[in-house]
Amino acid sequence: MILKVVKYPEPVLSQPGEPVTEFNAELRKFVDDLFETTYASQGIGLAAPQVGVSKRITVIDLSMGKNPKDKLVLINPEVIFSEGKLYEEEGCLSFPEIREKVVRAAKVRIRAQDLHGKWFEMDGGELMSRCMQHEIDHLDGMLFIFRMSALKRDLVQRKIRKLQRDGTW
Ligand SMILES: [Zn+2]
């Protein structure tokens, strides 16, 4: 089922998600829906708060549905190590049409639970590193515009207000 992606400044996007404690069929169905919604939106990742569910669940698929092995489910994830810096353009499904450069760590190691509740660690570099940091930020109620310089954030917020006035946001 394709879920509705909420846009900034929907309050749920700024709330820290609740930890997941039950690894059941309901969770598996929700994760399937998250992937379906990601592909329908032509995204590479989606976090539960973006569909109005304040829980620490996110999915990533850099192949955008082309390679089933690339489907990554991160439950209760956290960054446990990071190094280097990357300054690249980034987008977000909750900010349609907005793309801006954001500073991120070049490499990260994350720790997360899978759909069965089993903990695992995983390293990410370049695009994967950026995507992991962006999605884990969502679970902390942190949005990419607050990683931008104050000047850029101001420009983006002005653009959003104009789109809202035009009724296209
Ligand atoms: Zn996002």
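In this predicted model, five residues, E90, R104, R130, D137 and R147, are joined up in a network of salt bridges. The network is part of a wider set of charged contacts, since the overall count comes to 13 salt bridges when a bridge is taken as a Lys or Arg side-chain nitrogen within 4 Å of an Asp or Glu carboxyl oxygen. In general terms, side chains of opposite charge can pair up when their charged atoms come close.

Three further pairs are worth going through one by one. To start with the β3 and β6 strands, E83 and K107 meet through their side chains in a salt bridge, with 3.7 Å from N to O. E83 sits in strand β3 (residues 72-83) and K107 in strand β6 (residues 107-113), so this pair links distant parts of the chain, 24 residues apart. As for exposure, E83 has a relative accessible area of 37% and is partly exposed. K107, at 47% relative accessibility, also counts as partly exposed.

Strand β6 turns up again in the pairing of D123 with R109, whose side chains form a salt bridge at 2.6 Å, N to O. Because D123 belongs to strand β7 (residues 119-125) and R109 to strand β6, the contact ties together parts that are 14 residues apart in sequence. D123 comes out at 49% relative accessibility, which puts it in the partly exposed class. R109 is partly exposed too, with a relative accessible area of 32%.

Then there is the bridge between R99 and E89, with 3.2 Å between N and O. Here R99 is in the loop between β4 and β5, while E89 is in strand β4; the two are 10 residues apart, and the pair links distant parts of the chain. Both ends are partly exposed: R99 has a relative accessible area of 49%, and E89 is at 43% relative accessibility.

The loop between β4 and β5 also matters for the zinc ion. Which protein atoms serve as donors of the zinc ion? They are the SG of C92 and the NE2 atoms of H134 and H138, lying 2.0 to 2.2 Å from the ion. Written along the sequence, the donor residues follow the spacing C-x41-H-x3-H. C92 is in the loop between β4 (86-90) and β5 (100-104), and H134 is in helix α2 (residues 126-139); with their positions 42 residues apart, this pair links distant parts of the chain. Are these two donors, C92 and H134, buried or exposed? Both C92 and H134 are buried.

Notes. Residues numbered from 1 in each chain as written. Predicted model: local features only at pLDDT ≥ 70, side-chain atom pairs only at ≥ 80, totals over all residues. Heavy atoms only, no water. Donors = N, O, S within 2.8 Å, 3.2 Å for Na, K, Ca; no water. Helix = DSSP H or I, 4+ residues; strand = E, 2+ residues; numbered from the N terminus. Buried < 20%, exposed > 50% of the residue type's maximum accessible area, 1.4 Å probe, protein only.
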